[in-house]
Amino acid sequence: AYKQPILLPGNWRRLYIKEGDIMNEVAKLYQLVVNRELAKSKNEVLDVVRIKKKLLAFLQSVSELGEIAHIYTFWEDDSTIHRNELLDAYTSGMTMLMSVAFDMRIDEIKKYEEIPDRNDLVDLLLKIDEDIIILKNSFKPIDLENALNDYFHLGFLFGFSIDEIINQLS
């Protein structure tokens with residue numbers, strides 16, 4: 001069964017997301033972004049300093065998510081988590097991570113979904129930090145894909161649907 005079509009920004013075509021096929025659609029979305037945004041030659045040297053700064057900015061976004069979601073801070077019982085603020089911060093991080101992919105000139109991402117073995121938010125935040133440290137040292141596309149997969153899983157654990165994430169990025 002197909003869900004409602006998602007209208008993507010700009011000249012992007014409509015994507016139909018089939019339930020259970022999320023990563024394939026994410027790969028298609030990323031391919032569209034790459035086709036539109038990547039103008040650099042594949043033979044150019046990576047700007048490692050720029051990528052590391054973006055990774056650091058992404059880690060700051062992940063930390064901000066932890067604070068907004070009250071994961072690692074101690075809040076009074078009457079403190080409210082604002083869903084829209086959380087979604088804004090989440091998609092800001094997603095934008096930064098996709099920007100790192102552009103700078104690394106990754107032209108395709110995997111089309112299958114790996115289900116992380118972590119459903120605990122604290123463990124998943126720490127795993128994303130580990131993913132970024134590994135990526136900083138390797139600059140391998142598979143390491144970026146692992147970080148992206150874990151970051152999507154975090155969004156799903158926050159209760160965001162793929163539709164909400166894409167609409168917020170629009």
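The exercises below walk through a predicted model of a protein chain, each with a worked solution.

Residues are numbered from 1 along each chain as its sequence is written. Because the model is predicted, local features need pLDDT of at least 70 and side-chain atom pairs count only at pLDDT 80 or more, while totals for chains, interfaces and linings use all residues, and side-chain values use heavy atoms, with hydrogens and water left out.

**Exercise 1. Describe the elements of the protein chain and how much of the chain is buried.**

Solution. Begin with the elements, where helices (H or I, at least four residues) and strands (E, at least two) are DSSP runs numbered from the N terminus. The protein chain has 6 helices and 0 strands, and from the N terminus on the order reads α-α-α-α-α-α. Next, take burial, with buried meaning under 20% relative accessible area, exposed over 50% and partly exposed in between, for a 1.4 Å probe and protein chains only. Of the 170 residues, 43% count as buried. Finally, turn to contacts, which are heavy atoms within 4.5 Å: among those between residues at least 6 apart in sequence, 75% join residues at least 24 apart.

**Exercise 2. Find which helices supply the largest nonpolar core, and which residues have the most contacts inside it.**

Solution. A nonpolar core is a set of buried Ala, Val, Leu, Ile, Met, Phe, Trp, Tyr and Cys residues joined through side-chain atoms within 4.5 Å. The largest such core has 37 residues, and those with the most contacts inside it are Leu 65, Tyr 90, Met 104, Leu 144, Tyr 151, Leu 154 and Phe 158. At least two residues of this core come from each of α2 (48–68), α3 (83–103), α4 (121–138), α5 (141–157) and α6, and the largest share, 9 residues, comes from α3. As a last step, follow Leu 65: not counting residues up to four places away in sequence, Leu 65 touches Leu 86, Ala 89, Tyr 90, Tyr 151, Leu 154 and Phe 158.

**Exercise 3. Explain where the buried residues of helix α6 lie around its axis.**

Solution. First list them: in α6, which spans residues 162–169, Ile 162, Ile 165 and Ile 166 are buried. Looking down the axis of α6, these buried residues fall within an arc of 95° (taken from the directions from the helix axis to the C-beta atoms), so they line one face of the helix. The general background is that an α-helix has 3.6 residues a turn, so residues three or four places apart point the same way.

**Exercise 4. Work out the surroundings of Gly 93 and the ring pairs of the chain.**

Solution. Gly 93 is found in helix α3 and counts as buried, at 0% relative accessibility. Leaving aside neighbours within four places in sequence, Gly 93 is in contact with Phe 58, Ser 61 and Tyr 151. Gly 93 and Phe 58 are 35 residues apart in sequence, yet their C-alpha atoms are 5.6 Å apart in space.

Now consider the rings, where those of Phe, Tyr and Trp (its six-membered ring) pair if their centres lie within 6.5 Å, with planes under 30 degrees apart counted as stacked, over 60 as edge-to-face and the rest as tilted. The count comes to 5 aromatic pairs. One of them joins Phe 58 and Tyr 151 edge-to-face, at 5.1 Å centre to centre and 65° between the planes, and this pair links Phe 58 in helix α2 with Tyr 151 in helix α5, 93 residues apart. Both Phe 58 and Tyr 151 are buried. Another pair, Tyr 90 and Phe 160, is tilted, at 5.7 Å centre to centre and 50° between the planes. Tyr 90 lies in helix α3 and Phe 160 in the loop between α5 and α6, so the pair ties together parts that are 70 residues apart in sequence. Ring pairs link Phe 58, Tyr 90, Tyr 151, Phe 158 and Phe 160 into a cluster.

**Exercise 5. Decide whether the partners in the salt bridge of Asp 103 and Arg 50 are buried or partly exposed.**

Solution. A salt bridge is a side-chain nitrogen of Lys or Arg within 4 Å of a carboxyl oxygen of Asp or Glu, and the count comes to 5. The side chains of Asp 103 and Arg 50 meet at 3.0 Å, N to O, linking helix α3 with helix α2 across 53 residues. Asp 103 is buried, with a relative accessible area of 10%, whereas Arg 50 is partly exposed, at 39%. Arg 50, Lys 54 and Asp 103 are linked in a network of salt bridges.
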